[in-house]
Amino acid sequence: MGAFLSSWFGGGADTDSSESSSETSSVIVFHSSNRWQLHFNDSKNIPKLMMVDFSASWCPPCKLMEPVINAMSSKYADVEFIKIDVDELSNVAQEFGVQAMPTFVLLKQGKEVDRVVGAMKDELEKKVEKHRVKPKFAA
């Protein structure tokens with residue numbers, strides 16, 4: 001809902017697409033603190049897992065993780081993947097206590113449930129698997 005509102009009110013969120021892959025990425029990139037705050041507030045009412053990638057354009061480990069995050073966003077459609085540039089939205093990074101890049105913060109209903117600091121692909125995927133809301137199937 002927040003992504004919809006953000007795009008409706010001026011396109012503060014963009015969907016990032018991977019040029020070297022045929023998979024579609026659904027990573028939402030925020031360029032405005034106000035748009036992020038709207039989206040974050042909306043997410044508090046939804047049990048869906050949100051993974052926020054705090055990175056910087058000049059950070060080599062962040063660039064290394066970019067295709068990994070794009071692939072994960074395609075694999076886990078039940079998880080919302082967000083990207084925030086710490087230089088662009090430093091106040092948001094500060095609010096979450098980000099001190100190194102990349103930092104991945106996993107949130108559920110506005111509360112942090114886990115965090116991965118550094119380009120640790122396997123650890124990040126394990127934590128996404130652990131915390132995501134898995135679809136329930138009738139037996």
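## A tour starting at the disulfide

Welcome! Begin by selecting C59 and C62: the torsion about their S-S bond is about 75°, so the disulfide is right-handed. Keep in mind as you look around that this is a predicted model. Now show the two sulfur atoms of C59 and C62, which lie 2.5 Å from each other. How many disulfides does a search of the whole structure find? The search finds one, and the pair you have selected, C59 and C62, is joined by a disulfide.

Are C59 and C62 buried or exposed? Add a surface to the view and look for C59, which counts as buried because its relative accessibility is 3%. C62 is buried as well, with a relative accessible area of 6%.

**Step back to the whole chain**

Switch to a cartoon and color by secondary structure. You should find five helices and six strands. Trace them from the N terminus and the order reads α-β-β-α-β-α-β-α-β-β-α. The protein has 139 residues, and 45% of them are buried. As for how the chain meets itself, take the contacts between residues at least 6 apart in sequence: 67% of these join residues at least 24 apart.

**Two helices side by side**

Next, select residues 60-75, which form helix α3, together with residues 121-131, which form helix α5. Two packed helices are described by the angle between their axes and the distance between the axes. For α3 and α5, the angle is about 25° and the axes are 11 Å apart. An angle under 35 degrees counts as roughly parallel, and α3 and α5 are therefore roughly parallel to each other. The crossing in which α3 passes α5 is right-handed.

Which residues of α3 and α5 meet? Show side chains for M65, V68, I69, M72 and K75 on the α3 side, and for K121, L124, E125 and V128 on the α5 side.

**Into the nonpolar cores**

Now hide the surface and select W36, V52, F54, I82, I84 and F96. These have the most contacts inside the largest nonpolar core, a set of 20 residues. Several elements give two or more residues to this core: β2 (27-30), α2 (33-43), β3 (49-55), β4 (79-85), α4 (90-95) and β5 (103-108). Which of them gives the most? That is β3, with three residues.

Center the view on F96. Leaving aside neighbours within four places in sequence, the residues in contact with F96 are W36, F40, F54, V105, L107 and R115. Then move on to another core, which lies apart from the largest one and has 15 residues. Including V27, L49, M72 and Y76 in your selection will show you part of this second core. You have already met M72, as one of the α3 residues that meet α5.

**Backbone details in two loops**

Go to the loop between α4 and β5, where P102 has its place. Is the peptide bond from M101 to P102 cis or trans? The bond is cis, with omega near -5°.

Continue to the loop between β5 and β6 (111-117) and pick out Q109. Phi of Q109 is near 50°, a positive value in a residue other than glycine. Q109 is partly exposed because its relative accessible area is 40%.

**Last stop: after α5**

Finish in the segment after α5, where you will find K134. K134 has a relative accessible area of 40% and is therefore partly exposed. Which residues does K134 touch, not counting those up to four places away in sequence? They are D78 and E129. Draw a distance between the C-alpha atoms of K134 and D78: the two residues are 7.6 Å apart in space, although 56 residues apart in sequence.

Conventions
Residues numbered from 1 in each chain as written. Predicted model: local features only at pLDDT ≥ 70, side-chain atom pairs only at ≥ 80, totals over all residues. Heavy atoms only, no water. Core = buried A, V, L, I, M, F, W, Y, C linked by side-chain atoms within 4.5 Å. Buried < 20%, exposed > 50% of the residue type's maximum accessible area, 1.4 Å probe, protein only. Helix = DSSP H or I, 4+ residues; strand = E, 2+ residues; numbered from the N terminus. Contact = heavy atoms within 4.5 Å. Disulfide = S-S within 2.5 Å. Axes fitted to C-alpha atoms, helices over the stretch in contact; angles between N-to-C directions. Parallel < 35°, antiparallel > 145°, perpendicular 65-115°, else oblique. Left-handed = near helix turned anticlockwise from the far one by under 90°.
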